[in-house]
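Visitor: I would like to understand how the words used for a structure are earned. Could you take me through them slowly, setting each value against its cut-off?

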Amino acid sequence: MKLNTRLTFCCVAVSLPLAVLATGVARSHHVLLVLSHYFGGRAGNCTLAESFQGEALSRLQAQNIDAVRASSRVTRKDDRYSLWSTPYGGFWMPLPAATH
C-alpha cells in the first residue's frame, strides 16, 4: 500500500507541472494551429521550431501595429496631406481621394 501512495504522489508531482506548462504553451503559441499547419504540409520548408517562431513573430507584429495605431494622431491637415504624430516621429500622409 505504501508503494502505491508513493507512486501516486510521484505521478501527480510530475504531471501537474507538465499540465500547467502545456496549458501555458497552448495559450501563448496556438499550438493546435501551428501543428495542424505543420503536419498538414502548409508550413513550406520551415521546421517545427521555425513554425512556432513565425507564429510568435506574427503575434508580436500585430501587437506593435495596435500600439502604434493607438498612440498615433492627426495633428495638422492641409489641402492634400495630413500630419500624423506617432511614437516614431511625424509623418505626412496623403489624404484619401474622397476628401480632396
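Guide: What follows is a series of questions and answers about this model, which is predicted.

Visitor: What makes up the protein, and in what order do its elements run?

Guide: The protein has 3 helices and 3 strands, and from the N terminus on these elements follow the order α-α-α-β-β-β. Of its 100 residues, 10% count as buried, and the protein exposes about 8200 Å², with carbon and sulfur atoms supplying 65% of that area.

Visitor: Why is Ser-72 called buried?

Guide: The relative accessible area of Ser-72 is 9%, and buried means under 20%, so Ser-72 is called buried. Its place is the loop between α3 (48-70) and β1 (73-77). Leaving aside residues up to four places away in sequence, Ser-72 touches Trp-84, Ser-85, Thr-86 and Pro-87.

Visitor: How do you know that the side chain of Ser-72 makes a polar contact with Val-68?

Guide: A polar atom of the Ser-72 side chain lies 2.6 Å from the backbone oxygen of Val-68, and a polar contact calls for a pair of N or O atoms within 3.5 Å, so the distance meets that cut-off.

Visitor: Is Tyr-88 buried or exposed, and what makes it so?

Guide: Tyr-88 has a relative accessibility of 66%, and exposed means over 50%, so Tyr-88 counts as exposed. This residue is found in the loop between β2 (81-86) and β3 (89-94). The C-alpha atoms of Tyr-88 and Val-68 are separated by 8.7 Å, while the two residues are 20 apart along the chain.

Visitor: Which residues form a nonpolar patch on the surface with Tyr-88?

Guide: The patch is formed by Val-74, Trp-84, Tyr-88, Phe-91 and Met-93, which together have about 520 Å² of accessible area. Patches are made of residues with over 30% relative accessible area, and the 66% of Tyr-88 meets that requirement.

Visitor: Why is the pair of Tyr-38 and Phe-39 called edge-to-face?

Guide: The structure holds 1 aromatic pair. In that pair, Tyr-38 and Phe-39 lie 5.1 Å apart from centre to centre, with 80° between the planes; rings pair if their centres lie within 6.5 Å, and planes over 60 degrees apart count as edge-to-face, so both parts of the name are satisfied.

Visitor: What makes the accessibility labels of Tyr-38 and Phe-39 what they are?

Guide: Tyr-38 has a relative accessible area of 28%, and because partly exposed covers what lies between under 20% and over 50%, Tyr-38 is partly exposed. Phe-39, at 64% relative accessibility, is over the 50% cut-off and therefore counts as exposed.

Visitor: How do you know that Glu-55 forms a salt bridge with Arg-59?

Guide: The closest N and O atoms of Glu-55 and Arg-59 are 3.3 Å apart, and a salt bridge asks for a side-chain nitrogen of Lys or Arg within 4 Å of a carboxyl oxygen of Asp or Glu, so the pair qualifies. A search of the whole structure finds 1 salt bridge. In general, side chains of opposite charge can pair when their charged atoms come close.

Visitor: Where do Glu-55 and Arg-59 lie, and why do their accessibility labels read as they do?

Guide: Both lie in helix α3, 4 residues apart, which is about one turn of the helix. Glu-55 is buried because its relative accessible area of 14% is under 20%, whereas Arg-59, at 26%, counts as partly exposed.

Notes:
Residues numbered from 1 in each chain as written. Predicted model: local features only at pLDDT ≥ 70, side-chain atom pairs only at ≥ 80, totals over all residues. Heavy atoms only, no water. Helix = DSSP H or I, 4+ residues; strand = E, 2+ residues; numbered from the N terminus. Buried < 20%, exposed > 50% of the residue type's maximum accessible area, 1.4 Å probe, protein only. Polar contact = N/O pair within 3.5 Å; in protein donor to acceptor, adjacent residues only side chain to side chain. Contact = heavy atoms within 4.5 Å. Patch = residues over 30% accessible without salt bridge, like charges linked within 9 Å, V, L, I, M, F, W, Y side chains within 5 Å. Areas by Shrake-Rupley, 256 points an atom, 1.4 Å probe, with all protein chains shown as cover. Phe/Tyr/Trp six-rings, centres within 6.5 Å; stacked < 30°, edge-to-face > 60°.
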